[in-house]
Amino acid sequence: VLVALAGPRFGKRTIQLSARGVDVVVLLDTSSSMLAEAVAPNRFERAKLEVSRLLDQLHGHRVALVVFAGRSHVQCPLTMDYGAFSMFLSSVQVGSVELGGTALAPAIDKACKLFKAGERKYKALVVFSDGENHSGDLEAAARDAAKQGVVIHVVGVGTAQGAPIPIRDESGKLKEYQKAQDGSVVITKLNLTGLSRIADVTGGKIALLTGRTASMAPIWSAIRKMTRKELQSRTYTIYNERFQYPLLLAILLIITAALLPTRAKPEAGRG
């Protein structure tokens, strides 16, 4: 029994496990217009929530995060470490990118550089934005992405009616709303026209976050149906467990001992 508990192992075999999937880059708008509260709690926080939900659907794929406003930078490179991705996502805030504005076209170009050059498939880009204040040629950026085999999916955040952009103090209390140079309150609206165009050019899907309920299912489904490639391969050595043999011997010995006749002690003679 003690030998069996020691877990003897004799012989070994090797197995190879591989992960197959696609590369998915999330492009997240961090411009000030994303603070508008037409979508609760605001556009930006709702977009971050949906990015997290998207991550839950992407197990087996590599993911990356690029944030943008007036310029863009890579927050998390392509990885299969979803915990690291979530950590980087949680640290992103409106204002994480120093320069204001919404330069989506250059952000698309930067995101496409994360994909492996030379491949013409296995690439998906998911854009979360309200579509406000674009700079650069969006359609040209979309065409370049399509030539590289990148499919761009679009998540429009906001409403067509629009909402003002709140300015809050450090405690979160509303101070005022952002105003234009003429003193009027700025109303930021969802501009779906340009966003829809980049999805159309690359064959991507469109989802809208305009209220409490929204469905990302078309995008999840499209990514799941994409042709997959081998992303990671590992070889494991497995040793064969042999505890069964001493355990079987112990059981046989116990049964044998139980079946052996026992001799009664002779009675002491009477004197």
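In which loop is Pro41 found? Select Pro41 in this predicted model: the residue is found in the loop between β2 (23-29) and α2 (43-56).

**Stop 1: the Ala40-Pro41 peptide bond**

Display the backbone of Ala40 and Pro41. The peptide bond that joins Ala40 and Pro41 is cis, with omega at about -10 degrees. For context, most peptide bonds are trans.

**Stop 2: helices α2 and α3**

Continue from Pro41 into α2, which spans 43-56, and then add helix α3, residues 82-91. The axes of α2 and α3 are 11 Å apart, and the two helices pack at an angle of about 175 degrees. An angle over 145 degrees counts as roughly antiparallel, and α2 and α3 are therefore roughly antiparallel to each other. To view the contact, show the side chains of Lys48, Val51, Ser52 and Leu55 in α2, together with Tyr82, Phe85, Ser86, Leu89 and Ser90 in α3. By class, the residues of this contact are five nonpolar, three polar and one charged.

**Stop 3: Tyr82**

Centre the view on Tyr82, which has its place in helix α3. Is Tyr82 buried or exposed? Tyr82 has a relative accessibility of 12% and so counts as buried. Setting aside neighbours within four places in sequence, one finds Tyr82 in contact with Leu55, Leu58, His59, Gly60, His61 and Val63. A polar atom of the Tyr82 side chain lies 2.2 Å from the backbone oxygen of Leu58. A C-alpha to C-alpha distance drawn from Tyr82 to His61 should read 9.7 Å, for a separation of 21 residues in sequence.

**Stop 4: Thr79**

Step back along the chain to Thr79, in strand β4 (residues 72-79). Thr79 has a relative accessible area of 17% and is therefore buried. Residues up to four places away in sequence aside, Thr79 touches His61, Arg62 and Val63. His61 and Val63 are also among the contacts of Tyr82. On the Thr79 side chain, locate the polar atom that lies 2.9 Å from the backbone nitrogen of Asp81.

**Stop 5: helices α4 and α5**

Select helix α4 (residues 104-112) and helix α5 (residues 138-147). The axes of α4 and α5 come within 8 Å and cross at roughly 15 degrees. The two helices are therefore roughly parallel to each other, and their crossing is left-handed. Leu104, Ala105, Ile108, Asp109 and Cys112 of α4 meet Leu138, Ala141 and Ala145 of α5. The residues of this contact comprise seven nonpolar, no polar and one charged.

**Stop 6: Tyr122**

Follow the chain out of α4 to Tyr122, in the loop between α4 and β5. What is notable about the phi of Tyr122? The angle is near 70 degrees, a positive value in a residue other than glycine. In general, most residues other than glycine have a negative phi. With a relative accessible area of 17%, Tyr122 is buried.

**Stop 7: helices α5 and α6**

Return to α5 and add helix α6 (residues 192-202); the axes of this pair come within 9 Å and cross at roughly 25 degrees. That angle makes α5 roughly parallel to α6. The crossing of α5 and α6 is right-handed. On the α5 side the contact involves Leu138, Glu139, Ala142, Arg143 and Ala146, and on the α6 side Gly194, Arg197, Ile198, Val201 and Thr202. These residues divide into five nonpolar, two polar and three charged.

**Stop 8: along α6**

At the start of α6, a side-chain oxygen of Asn191 comes to within 3.5 Å of the backbone nitrogen of Thr193. Next, colour the buried residues of α6: Gly194, Leu195, Ser196, Ile198, Ala199 and Thr202. They pack against α4, β5 (123-129), α5, β6 (150-157) and β11 (206-209). After α6 comes Gly203, with a positive phi near 80 degrees.

**Stop 9: Thr159**

The tour closes at Thr159, in the loop between β6 and β7 (163-164). Thr159 counts as buried because its relative accessibility is 12%. Residues up to four places away in sequence aside, Thr159 touches Ala38, Lys189, Leu190 and Thr210.

Conventions: Residues are numbered from 1 along each chain as its sequence is written. Side-chain values use heavy atoms; hydrogens and water are left out. Axes are lines fitted to C-alpha atoms, for helices over the stretch in contact, and angles run from 0 to 180 degrees between N-to-C directions. Helices (H or I, at least four residues) and strands (E, at least two) are DSSP runs, numbered from the N terminus. Angles under 35 degrees count as roughly parallel, over 145 as roughly antiparallel, 65 to 115 as roughly perpendicular and the rest as oblique. A crossing is left-handed if the near helix is turned anticlockwise from the far one by less than a right angle, and right-handed if clockwise. Contact means heavy atoms within 4.5 Å. Ala, Val, Leu, Ile, Met, Phe, Trp, Tyr, Cys and Pro count as nonpolar, Asp, Glu, Lys and Arg as charged, and the others, Gly among them, as polar. Buried means under 20% relative accessible area, exposed over 50%, partly exposed in between (1.4 Å probe, protein chains only). A polar contact is a pair of N or O atoms within 3.5 Å; within protein, one must be able to donate a hydrogen and the other to accept it, and residues adjacent in sequence count only if both atoms are side-chain atoms.
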